[in-house]
Structure formats: C-alpha cells, structure tokens
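The following exercises concern the internal cavities, the sheet and the confidence of one protein model. Each task is followed by a solution in steps.

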Amino acid sequence: MRMNSPTLHLDRLDAAVFGLDDVVVDTALLHATAWQRTFDSFLRRRGRRAGLEADGPGGGSRIPPFELPGDYLRYAAGRTTTEGVRGFLTARGITLADHSPEPGEETVRTLADHKDACFGEEVRRVGVSAYPASVDLLRDLAARGVRLAAVTGDRGCEQLLAAAGIADLFDVCVDGGDAALLGLPAQPDPGLLLEATHRLGVSPRRTAVLSGSLVGVEAGWHGCFEPVVAVDRYARADDFYRRGAHVVVRDLAELVLSGRCRQELLAHR
C-alpha cells in the first residue's frame, strides 16, 4: 500500500455508487457542448424576438451566452436535464413554462429534449470512452465482492455504459428517467443515490459514493453515505470539501483498496 494514499476500507463497505460524468466516462465535454448548442440557439432566437443580439465576437448583446466550463459546472453538472435548464434560465432572468399544449412553443421540456438530442448526436459523432483507472477500480471492487451501481441525472444511463463498453461492470443503473418515473427530487437531494442502495439491498452507511459534481457530493453527504469520494478534474477541492466530501482525488488511480482481497474471496467460494 502506498503511504498517505486515500484508502477505501472494504471491511466497512458493501457497495459503491458511481456517478458517470467525470468519474467513469469522459463525457463532460460532450454534455457541455450539447448544453452550449442548445442555449446558444435558444438565446439567439429569443434575442431576435426582443430586438437584441446575443453576446459574441460582434459584441453589443444584452443576453449573456452559455459559457464553458463555468455555466456547465454551475447549472448542469450532476443535475437532471430539466433542472439544468431551469437553473440556467433563472440565472439569465428568463421564465418558461415547464410544458405547453401549443405546438412549437418553447418550454423547459422542449429545451431539455433538445439538449438530450444534441448529446446523443455528440456521442454518435465522437464516441464515449471510459477512464482506464475507473475501469480498473470497478473490476477490482467487483472481484472483492463489492456491489456496484451507476447513477446519473441524465437519461439513457444503460445506453451510455453500453456505448463505452462497460455495461457489464454494474449491478444497478439509476438515471434521470427513473427519477422522473418515481418523482425523485434532483440532487443535492439524495433520492437517486438512495434508490440505488434500495435496489442493491444495502445501507447507505456501508456504501461509498464517488462523484465528480458538487451536487452529487452534497447528495452523498445528505444521504449519510460513507465515504463520499469527490473526483476533482477542475481544481475545486475546497468546494468539494465544503459540500461534504471525505476524500478528494484527481483520478481514481489515487485510491487504494484495503481488505477483502481477491484470494480471500476465492477461498470462500
């Protein structure tokens, strides 16, 4: 074991719940691009109707655009698509109805659907890759008898894992579609995480949460999960600790596993 390395003590764990973006799969840029495409086109349309121009190289706009990575991290990362839409619109002082019976009218739902469609296009165009260190950790945890769940506020969790070639690594997948069906609140409410533990049949206090978003870490803290591990790819360690992280790493390769070695498991089979 490496000295002073962050350690997962498996004698205290029955399961681990992984967020997807920035933790398991390298999709944050794809999501951010889809969000930017969605809001850039929306703000241009809204600006034209109001006689304004969107901010850009030409200047002169009174409508600030969707900025990367700031707006993605502030309003979208770790949240359901609809919550991301609401958060950004509120920040820009824009109010839209959630739904409308009028065809062609822009709503929170139509913008969320547009973002999801843009993300699907980005996935098909660029592809999805899993972080090698995360795949190694998942395989090692599974070999040591730890049950595994994938959780995301976006829809299409199983399809995304399949596209990355790692769907077989998880026992349970809970996503934004499940949240809508079950009426679960958005993170930082721990509802999605607790649904994962319910499906796994384990206690949150014996379940690790590994998340790359501030709201995901806060949800783990509110749900009494232990430990809560933040994967910090944007140099926000202090923010993660303030939200409740017990451990902050830049990559899951930094984590060390202790207890329940592979040989012990094999001997008990």
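A cavity is a set of grid points where a 1.4 Å probe fits but cannot get out, and its lining residues have an atom within 4 Å of a point. The model examined here is predicted.

**Exercise 1. Determine how many cavities of 30 Å³ or more the model holds, and describe the lining of the second largest cavity.**

Solution.
Step 1. The count is 2 cavities of 30 Å³ or more.
Step 2. The second largest cavity has a volume of about 40 Å³.
Step 3. Its lining is made up of L20, D21, H31, F119, T152, D154, R155 and L160.
Step 4. Sorted by class, this lining comprises 3 nonpolar, 2 polar and 3 charged residues.

**Exercise 2. Characterise the largest cavity by volume, lining and contributing elements.**

Solution.
Step 1. The largest cavity encloses about 260 Å³.
Step 2. Its lining consists of 26 residues, and G19, L20, G78, V151 and S213 lie nearest the centre.
Step 3. By class, the lining has 11 nonpolar, 10 polar and 5 charged residues.
Step 4. At least two lining residues come from each of β2 (15–19), α1 (28–50), α2 (70–76) and β5 (207–211).
Step 5. L20 is listed in the lining of the largest cavity and also in that of the second largest cavity.

**Exercise 3. Establish the strand order of the sheet and explain why β4 and β7 each have one side without a neighbour.**

Solution.
Step 1. The open sheet contains 6 strands, ordered β4-β3-β2-β5-β6-β7, with parallel pairing.
Step 2. β4 (172–174) and β7 (247–249) are the edge strands; each has a single partner strand, so one side of each lacks a neighbour in the sheet.
Step 3. From one strand to the next, the twist averages 20 degrees.
Step 4. Within the sheet, β2 and β5 are paired in the parallel sense over 4 bridges; A16 has A208 in β5 as its bridge partner.
Step 5. Helix α5 (residues 132–143) lies across β2, β3 (147–151) and β5, and runs at about 160 degrees to β2.

**Exercise 4. Identify which stretches of the model have a pLDDT under 50, and state their contacts.**

Solution.
Step 1. The chain averages a pLDDT of 89, and 90% of the residues score at least 70.
Step 2. Residues 56–60 have a pLDDT below 50, and this stretch makes 0 contacts beyond near neighbours in sequence.
Step 3. Residues 263–269 also stay under 50, and the model gives this stretch 5 contacts beyond four places in sequence.

Technical notes:
Residues numbered from 1 in each chain as written. Predicted model: local features only at pLDDT ≥ 70, side-chain atom pairs only at ≥ 80, totals over all residues. Heavy atoms only, no water. 1 Å grid on protein atoms, 1.4 Å probe; cavity = no way out; pocket = protein on both sides within 12 Å on 5 of 7 lines; lining within 4 Å. Points joined across faces, edges and corners; volume = space filled by probe spheres on them. Nonpolar A, V, L, I, M, F, W, Y, C, P; charged D, E, K, R; others polar. pLDDT = per-residue confidence, 0-100. Contact = heavy atoms within 4.5 Å. Pairing = 2+ DSSP bridges. Axes fitted to C-alpha atoms, helices over the stretch in contact; angles between N-to-C directions.
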